[in-house]
Amino acid sequence: MSSVPVDFVAHAEDRDVVVGVLGLGYVGLPLAVESARSGYRTLGFDISETVVESINRGTSHIQDVSSEVLGAFVGEGLLSATTDMSRLAECDAISICVPTPLNKIKDPDLSYVVASAHAVLAALRPGQLIILESTTYPGTTREVLLPILEESGLKVGEDFFLCFSPERVDPGNAVWHTRNTPKVLGGATEACTRAGLALYSRIFDTMVPVESAEAAELVKVYENTFRMINIALANELAQACDKLNVDVWGVVEAAATKPFGFMKFTPGPGLGGHCIPLDPHYLSWKMRTLAFKTRMIDLASEINAEMPGFVVRKVADALNDEHKAVNGSRVLVLGVSYKKDIDDLRESPALEIMHRLQEKGAQVFYHDRFCPVIADDGHTPLQNLPMRSVDMSEAMLQAMDCVVVITDHSGVDYSLVADKARLVVDTRGTMRSSPGIARVVGLSGQEQADRPAVPTAAVAA
Ligand code: SAJ
């Protein structure tokens, strides 16, 4: 069994390892900061000049990294950034933290990983440790990354070390951050695992070694597939409760009182974000290549994808109850980011719901202090882009034919909505704690006080 060259472990122990982090986004920059905090000289790499210049000025572009902390490490000379990929040769360890999106047909897009692998190949030398952190399908490290790196003629596990260690960054989480979240790691060989642990055990509080890179890749997709499937179950429950005219929120809250054997998930308008909707498709894609059908993933994805349409039907039915058509109605969407209290629009179900309402002829407005503008980025399917968040004024609420709560940001005056809006479709159960005179239609069952018929005031478009 080849042992890790003592010098790498020794280097890691006495901090004379130079750590490279390739990709300085919401995963890479926090990792680079924690590496510097552990006493390693850390060199960040990014293709964006703007990101590199900002970091070298000590200014953070990532919400979970304060400029004060970043600036201190930059000032000490422990952390700097560059776009010059040839400087990867200076690094004894390189963590790859680049995006792994899906393409239009939901197949993995490994173009950023492959480009990074070629940049590392150009600088690969004996003794280096390479760790892939980007979420991907099991087999990527060994089947995609390793062949590229072995074009160097160097042997994995002897000349260089290769591991997979999934990122577990939850932006905005006040409790769990990069250093204190347990860190899974698996190597292409045992020696690789030992090399990866030698470094990462000095950066992360808790390391969770697993048998191989494939196992580590699977852990990550399993974690988020578990989440996606349980969200789909909550969404199917909402649809069943709608048929049974039972308030789904009451059912979920009551089930959540079970102190064992249950984990609460809530229904909603659909599945957004850059992790949960995507990660399970990496596993299903890989298994399809092995003629194995991941039925749970496929069905759950289908159920989650139905939710925007379910919400639009709710809006149409609620307007219809008031003898109004969607066509020509004024609809105000409250909250467009993919989850509460963040500014990220990626895969947000709000965009699909707004698009479908516009297609049916509704005049759609939105209010979201986290997302002041929905830009025309070429693939957001909304009309009249860019759209700007409107004030949620009394006049605005009174002028709407329907208000739809899509993302339940905190700090919104839902009592005002309950008092001034005539009709609210609430996809998050938010209005339940704001009784008022508005007619509230939930995802299922609940209806609140009918509002006396009053003419809707005209609104300046
Ligand atoms: N959602 C529901 N019902 C739920 C939970 C979420 O409808 O019960 C929806 C959200 O509204 C959102 C989508 O699912 O549209 C994803 O929400 P999320 O809470 O899973 O947030 P993400 O996408 O930021 O997921 C990340 C993941 N972190 C990593 O992959 C490192 C995930 O593993 C975390 O569990 C999650 O953060 C978290 O806990 O915040």
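Start at the ligand and select Gly272: one of its polar backbone atoms sits 2.9 Å from an oxygen atom of the ligand. Keep in mind as you go that this is a predicted model.

Stay at the ligand and pick Thr266 next. Here, too, the backbone takes part, with a polar atom 2.7 Å from a nitrogen atom of the ligand. Then show the side chain of Asn224, where a polar atom lies 2.6 Å from an oxygen atom of the ligand. Now switch on a surface for the protein. On its own the ligand would expose 740 Å², and the protein buries 85% of that.

To see the full surroundings, select the residues around the ligand, 18 of them. Those that come nearest are Lys220, Asn224, Arg227, Thr266 and Tyr338, so colour these five apart from the rest. Thr266 and Asn224, which you have just visited, are among them.

Time to zoom out. Colour residues 4-211 as domain 1 and residues 248-446 as domain 2, following the domain assignment of the chain. If you place a marker at the C-alpha centre of each domain, the two markers lie 36 Å apart. Where they touch, 15 residues of domain 1 and eleven residues of domain 2 make up the contact.

How much area do domain 1 and domain 2 bury between them? The answer is about 1,200 Å², with 61% of it on carbon and sulfur atoms. On the domain 1 side, select Leu102, Lys106 and Tyr137: these residues lose the most area to domain 2, together 34% of what that side buries.

Next, look for charged pairs across the boundary. Between domain 1 and domain 2 there are three salt bridges. For a salt bridge to inspect, show the side chains of Arg288 and Asp107, which meet at 3.5 Å, N to O. Polar contacts are worth a pass as well, with six residue pairs found across the interface of domain 1 and domain 2, both partners at pLDDT 80 or more.

For a last view, hide domain 2 and colour the exposed face of domain 1 by residue class. What is the make-up of the side of domain 1 that touches domain 2? Its residues divide into seven nonpolar, three polar and five charged.

Terms used
Residues numbered from 1 in each chain as written. Predicted model: local features only at pLDDT ≥ 70, side-chain atom pairs only at ≥ 80, totals over all residues. Heavy atoms only, no water. Domains from an automatic or database assignment. Contact = heavy atoms within 4.5 Å. Buried area = accessible area lost by both parts, 1.4 Å probe. Salt bridge = Lys/Arg side-chain N within 4 Å of Asp/Glu carboxyl O. Polar contact = N/O pair within 3.5 Å; in protein donor to acceptor, adjacent residues only side chain to side chain. Nonpolar A, V, L, I, M, F, W, Y, C, P; charged D, E, K, R; others polar. Near = heavy atom within 4 Å. Areas by Shrake-Rupley, 256 points an atom, 1.4 Å probe, with all protein chains shown as cover.
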